[in-house]
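Reader: I am new to this structure and would like a close look at one part of it. Please take a single helix and describe its surroundings.

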Amino acid sequence: MKKQSDIEKIARSKRLLPILIMFGVVFFALISKLFFVMIVKGKLYKAMQLEQSVSDISIPAKRGNILDRNNNLLAFSMDAYRVDIDMNALRITLKNKGLSIQALSEKLSPILNMKSSDITNILYTKSPDGNPVKYATLARQINKSEADKIKALNINGIIVSGDIKRDYVNNNFLSGTLGFVNAEGKGVAGVEESYNNILSGTPGKEILETDDKKNQLPYEEPKYTAPKDGKNVQLTIDEHIQEYAETLAQKALVENKAKSVTITVMNPKNGEILAMVNKPDYNPNNPSVNISGTSTPIENLWKNNAVENAFEPGSIFKVITSYAALSENVVNNSTIFYDPGYVMVDGVRINEWQLSGFPPQTFPDIIKNSSNVGFVDVGANLLGKEKLNKYINLFNFGKKTGIDLPGETNGMITNINKQKKVDVAFMAFGQEISVSAVQYLAAFNAVANGGTWIRPHVMKEIQNPNGSIVSQYNNLGEEKILNPQISTTLRGYLRNVVAPGQNGVGENADVPGLDIAGKTGTAQKADPKTGRYAPGKYMASFAGMAPYTDPKITVLVSIDEPDPSKYYAGQVAAPVAHDLFKEIFDYLQLTGDAALK
């Protein structure tokens with residue numbers, strides 16, 4: 001018989017066993033949980049801890065300058081400040097201070113010149129999944145005075161840090177070409193967009209370890225990576241020539257009560273754009289405000305008409321038809337054209353601009369007089385569809401030039417298989433075909449420089465912040481497309497269009513001593529709603545070069561929808577070209593042509 005003590009020990013063991021099992025289960029569960037937390041979810045929780053205890057502050061790089069060809073400053077970046085919100089820290093602070101988001105918004109509103117409701121909306125911003133965001137940007141590019149007032153509120157969770165503000169030195173000067181940057185400092189249009197990656201640089205970073213209230217821990221040194229400033233972009237634009245063009249374009253806009261005016265000035269020998277103007281325009285320092293005094297939507301004012309808009313060129317296109325006719329030997333100086341004031345093609349009556357017509361004309365005469373009837377004969381009969389289209393393609397119409405500006409249009413050429421004889425007749429004098437200003441000038445330059453098509457461009461070189469050269473523009477895409485002798489002959493014919501005493505349609509562009517050659521063009525505008533030409537709406541253009549024997553400058557002036565009481569290009573566009581050529585060559589004489597080097 002077992003002793004009493006042994007029996008009691010066995011009983012106690014039986015009572016302890018469930019307890020030991022229970023403790024074992026709990027211990028195993030704790031070990032499993034620790035394993036899950038430290039091993040399985042360790043990286044995730046570490047990342048969450050770092051996210052809560054580390055502030056990662058981006059330090060913006062200083063955007064590069066934009067300069068004209070003589071290093072005059074057009075756009076630069078200055079130091080400014082930004083206001084960001086750490087939403088978690090702000091909520092804790094507001095709770096501790098007994099302050100509501102609405103009350104805070106009312107405090108910030110007069111400082112930032114923002115509606116309190118707009119500030120409230122930002123502070124209540126939610127992520128796409130519906131949860132409150134952790135960080136939000138409240139304001140950017142504010143000045144030091146505003147930044148100091150924000151800091152003086154002493155509200156934890158509102159972070160004031162350095163920022164960069166873009167300044168356009170001359171406000172709306174060259175705005176259509178320069179473009180602007182958005183609130184995030186990214187180029188939106190023009191050079192700012194095309195060369196954004198070069199101008200923007202690389203942001204820096206500062207990493208701070210913080211406590212639960214987002215205060216920096218005193219024993220932790222911040223980790224700092226310096227920003228790398230953007231490079232400068234020097235343009236081919238000459239500030240002085242641009243100023244002349246801006247002044248004359250604004251004058252032409254007002255005097256002709258026009259919808260818009262576009263002027264482009266180039267060096268035909270290398271494709272450099274010396275001036276590019278669009279009126280009306282906008283101020284890139286405040287691009288959302290319409291300063292034009294017109295009903296034109298602001299986003300339309302941001303467009304660079306010379307690059308992004310296509311138009312029917314009218315009689316300036318006769319330069320192309322003329323070269324085709326000379327090259328194909330279907331005309332010569334003694335070829336006679338008869339012009340009773342109209343011509344019938346496929347049952348369609350095409351009127352001469354001078355309704356009485358002209359007496360019998362030679363080929364140089366139909367260029368000088370800008371005879372529509374004469375060019376219908378050249379295009380539709382002497383050349384025909386295949387040959388005319390051959391030269392349209394040769395001059396690269398219907399294709400982008402590849403200019404280094406955004407939004408370039410292709411223009412519009414009707415598919416050759418769909419062209420009827422009457423279509424070819426209209427195309428021969430620049431209707432039912434559309435081109436851009438830079439597209440046309442690239443073709444015109446080939447006549448001016450002796451036969452080489454050269455890509456238009458506005459970038460001259462890329463510079464380091466210290467001004468040293470990184471690279472120069474070399475994407476000229478040069479292609480010899482024309483016969484130099486024929487180009488020389490054609491320039492002589494175009495000189496007669498302008499030369500005094502010749503009674504040419506472009507004589508109002510003449511400047512004594514400059515030997516300007518050129519061509520006027522007055523094109524009817526199509527109504528996009530009806531597809532037919534709209535009565536009383538025209539595009540008046542003048543394309544010119546000087547001096548015609550060895551052109552240094554080419555110019556295209558286009559006036560969109562001038563007052564219908566005086567709309568012919570010889571009346572409205574040629575006088576603008578006259579003033580512009582005079583200003584430019586007076587300036588070049590003073591500089592010894594240094595502006596072109």
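Author: What follows is an account of one helix, α13, and its setting.

This is a predicted model, in which local features need pLDDT of at least 70, side-chain atom pairs count only at pLDDT 80 or more, and totals for chains, interfaces and linings use all residues. Residues are numbered from 1 along each chain as its sequence is written, and side-chain values use heavy atoms, with hydrogens and water left out.

First, the setting. The protein chain has 19 helices and 21 strands; these are DSSP runs, numbered from the N terminus, with helices being H or I of at least four residues and strands E of at least two. Of its 597 residues, 49% are buried, where buried means under 20% relative accessible area, exposed over 50% and partly exposed in between, with a 1.4 Å probe and protein chains only. Among contacts between residues at least 6 apart in sequence, 71% join residues at least 24 apart; contact means heavy atoms within 4.5 Å.

Now the helix itself. Helix α13 covers residues 318-327, and nine of its ten residues are buried, which leaves the helix mostly covered. The buried ones are Lys318, Val319, Ile320, Thr321, Ser322, Tyr323, Ala324, Ala325 and Leu326. They pack against the helices α14 (363-368), α15 (372-394), α16 (421-428), α17 (437-448) and α18, and against the strand β19 (517-526).

One of these neighbours, α18, spans residues 484-498. The axes of α13 and α18 come within 10 Å and cross at roughly 135 degrees. Axes here are lines fitted to C-alpha atoms, for helices over the stretch in contact, and angles run from 0 to 180 degrees between N-to-C directions. That crossing makes α13 oblique to α18, since angles under 35 degrees count as roughly parallel, over 145 as roughly antiparallel, 65 to 115 as roughly perpendicular and the rest as oblique. The crossing of α13 and α18 is right-handed, meaning that the near helix is turned clockwise from the far one by less than a right angle.

On the α13 side, the contact is made by Val319, Ser322, Tyr323, Leu326 and Ser327, and on the α18 side by Ile486, Ser487, Leu490, Tyr493 and Leu494. By class, this contact has seven nonpolar, three polar and no charged residues; Ala, Val, Leu, Ile, Met, Phe, Trp, Tyr, Cys and Pro count as nonpolar, Asp, Glu, Lys and Arg as charged, and the others, Gly among them, as polar.

Just after α13, asparagine 329 has a positive phi of about 60 degrees.
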